[in-house]
Amino acid sequence: MTFFYMMALFAVGLVLIIKGGDWFVDAAVWLAGVLGVPQFLIGATVVSVATTLPELTASAIAAFEGKVDMAVGNAVGSVTVNVSLILGVAVLGAPFLIRRSQLWGQGALLAAGCLVALLCSLRGSLSALGCVLLLLLFLGYVAFNIYTAKKERSTERPAARPGDRRRQIAGFLLGAAGIVVGAKLLVYSGSGIARMAGVPEAFIAVTIISFGTSLPEFTIAVTAAVKKHTGLSAGNIVGAGVIDITLILPLCAVFSGRALPISPQGLLLDMPVSLVAVLVCCVPALLTQRFRRWQGACMVGVYVLYVAALLWLFV
């Protein structure tokens with residue numbers, strides 16, 4: 001396979017992911033109105049599950065095929081991309097208010113997941129205990145969202161127009177199909193490009209692949225900001241991060257059929273940076289109940305420094 005062929009497949013994968021993710025914004029807003037729950041909660045549940053399909057599929061396929069560095073790097077790198085670069089850019093473009101009651105639970109679970117993953121990988125592989133703890137955090141995330149949905153559910157419902165339900169279901173199915181196929185193309189072409197260029201797959205995973213599989217979140221963040229649905233964007237990104245760490249990493253261990261090895265880069269750089277990115281994202285917002293431009297600049301700065309460190313290691 002030629003380099004240009006691999007690049008073409010990579011481009012097709014990105015297009016499929018972008019288009020698939022784009023269809024979820026209007027459907028998610030519609031669903032929030034129909035269910036009578038805050039857009040942040042819909043973003044943290046339905047939308048985050050949908051937009052993490054690329055990370056889940058890409059990491060699972062990579063782990064099954066023995067590309068463990070790519071599987072782990074994609075899951076952990078996606079957290080850093082989401083909460084530092086994507087949400088940071090959205091905050092720089094349109095700062096917004098956030099209720100402490102909406103952010104604290106998901107934010108705490110995300111930080112706990114990053115910390116558990118790091119501490120349980122200190123011996124060079126994600127331990128069985130670490131996988132169990134991460135899955136328990138995921139179950140806690142599900143339970144917390146169910147509790148919050150019941151507590152904050154509104155009795156007011158917008159009038160549903162004829163054909164809305166069929167259109168939203170069709171968009172969901174077509175978007176999911178595009179995301180899954182696009183993720184497969186990204187793993188295949190990304191590993192091919194890494195081999196041809198002589199670049200370690202761990203580097204490709206935490207940069208190109210992790211950003212590519214995070215494009216649904218990026219698309220939703222930009223679209224939601226333009227349409228003034230900022231709560232949806234924040235909920236989606238935080239929720240996607242929780243799923244990346246607490247669900248995808250244990251599943252990668254299952255698909256690989258053995259203890260999940262963590263590279264020195266993952267242990268010393270990728271995982272610590274993901275935890276720092278989460279703290280920079282959540283702590284100021286919890287204290288002030290607002291995402292401000294200076295915080296967005298700090299979040300983007302974390303990602304810039306992270307990429308600079310990767311370039312220093314590999315170039």
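1. Let me start with the overall make-up: the protein's secondary structure amounts to 13 helices and four strands. Please keep in mind as you read that this is a predicted model. Of its 315 residues, 56% count as buried. The exposed area comes to about 13,500 Å², and carbon and sulfur atoms supply 73% of that. If we take contacts between residues at least 6 apart in sequence, 86% of them join residues at least 24 apart.

2. Next, the interior. Which residues have the most contacts inside the largest nonpolar core? They are Leu249 and Phe291, and the core itself has 65 residues. Two or more residues are given to this core by each of α4 (53-64), α5 (68-93), α6, α7, α11 (230-256), α12 (264-288) and α13 (293-314). Helix α5 provides the largest share, with 14 residues. Apart from this core lies another, of six residues, and Met6, Phe10, Leu14 and Ile193 are among them. As general background, nonpolar side chains in soluble globular proteins tend to be buried together.

3. Phenylalanine 291 deserves a closer look. Leaving aside neighbours within four places in sequence, phenylalanine 291 is in contact with Leu87, Val91, Pro95, Phe96, Ile98, Leu103, Cys281 and Ala285. Glutamine 289 sits in the loop between α12 and β4 (290-291). Its phi is near 55 degrees, a positive value in a residue other than glycine. For context, most residues other than glycine have a negative phi. Is glutamine 289 buried, exposed or partly exposed? With a relative accessibility of 31%, glutamine 289 counts as partly exposed, because buried would require under 20% and exposed over 50%.

4. Now for the aromatic residues. Searching the whole structure turns up two aromatic pairs. In the pair of tryptophan 104 and phenylalanine 144, the ring centres are 5.3 Å apart and the planes stand at 80 degrees, so the arrangement is edge-to-face. Tryptophan 104 belongs to helix α6 (residues 100-119) and phenylalanine 144 to helix α7 (residues 128-152), so the pair ties together parts 40 residues apart in sequence. How do the two partners stand for accessibility? Tryptophan 104 is partly exposed at 47%, whereas phenylalanine 144 is buried, with a relative accessible area of 17%.

5. Helix α6 can be followed further through alanine 111, which is found in that helix. Alanine 111 is buried, at a relative accessible area of 16%. Not counting residues up to four places away in sequence, alanine 111 touches Leu275, Val278 and Leu279. The C-alpha atoms of alanine 111 and cysteine 282 are separated by 8.8 Å, although the two residues are 171 apart along the chain.

6. Valine 238 offers a view from helix α11, where this residue has its place. Its relative accessibility is 2%, so valine 238 counts as buried. Which residues does valine 238 contact, leaving aside neighbours within four places in sequence? They are Leu103, Gln106, Gly107 and Leu110. Valine 238 and valine 83 are 155 residues apart along the chain, and their C-alpha atoms are separated by 7.0 Å.

7. Serine 121 is worth a look too. This residue is found in the loop between α6 and β2 (125-126). At 0% relative accessibility, serine 121 counts as buried despite its place in a loop. Apart from neighbours within four places in sequence, its contacts are Leu126, Ile262, Leu267 and Met271.

8. Finally, the surface. Which residues make the nonpolar surface patch of about 460 Å²? The patch is made by Leu129, Val132, Leu133, Leu136 and Leu139. Valine 132 lies in helix α7 and is partly exposed, with a relative accessible area of 47%. Leucine 129 is found in helix α7 as well, and at 55% relative accessibility leucine 129 counts as exposed. Leucine 129 and valine 116 are 13 residues apart in sequence, with a C-alpha to C-alpha distance of 9.8 Å.

Technical notes:
Residues are numbered from 1 along each chain as its sequence is written. This is a predicted model: local features need pLDDT of at least 70, side-chain atom pairs count only at pLDDT 80 or more; totals for chains, interfaces and linings use all residues. Side-chain values use heavy atoms; hydrogens and water are left out. Buried means under 20% relative accessible area, exposed over 50%, partly exposed in between (1.4 Å probe, protein chains only). Contact means heavy atoms within 4.5 Å. Accessible areas come from the Shrake-Rupley method with a 1.4 Å probe; for residues, only the protein chains shown count as cover. Rings of Phe, Tyr and Trp (its six-membered ring) pair if their centres lie within 6.5 Å; planes under 30 degrees apart count as stacked, over 60 as edge-to-face and the rest as tilted. Patches are made of residues with over 30% relative accessible area and no salt bridge: like charges are joined within 9 Å, nonpolar side chains (Val, Leu, Ile, Met, Phe, Trp, Tyr) within 5 Å. A salt bridge is a side-chain nitrogen of Lys or Arg within 4 Å of a carboxyl oxygen of Asp or Glu. A nonpolar core is a set of buried Ala, Val, Leu, Ile, Met, Phe, Trp, Tyr and Cys residues joined through side-chain atoms within 4.5 Å.
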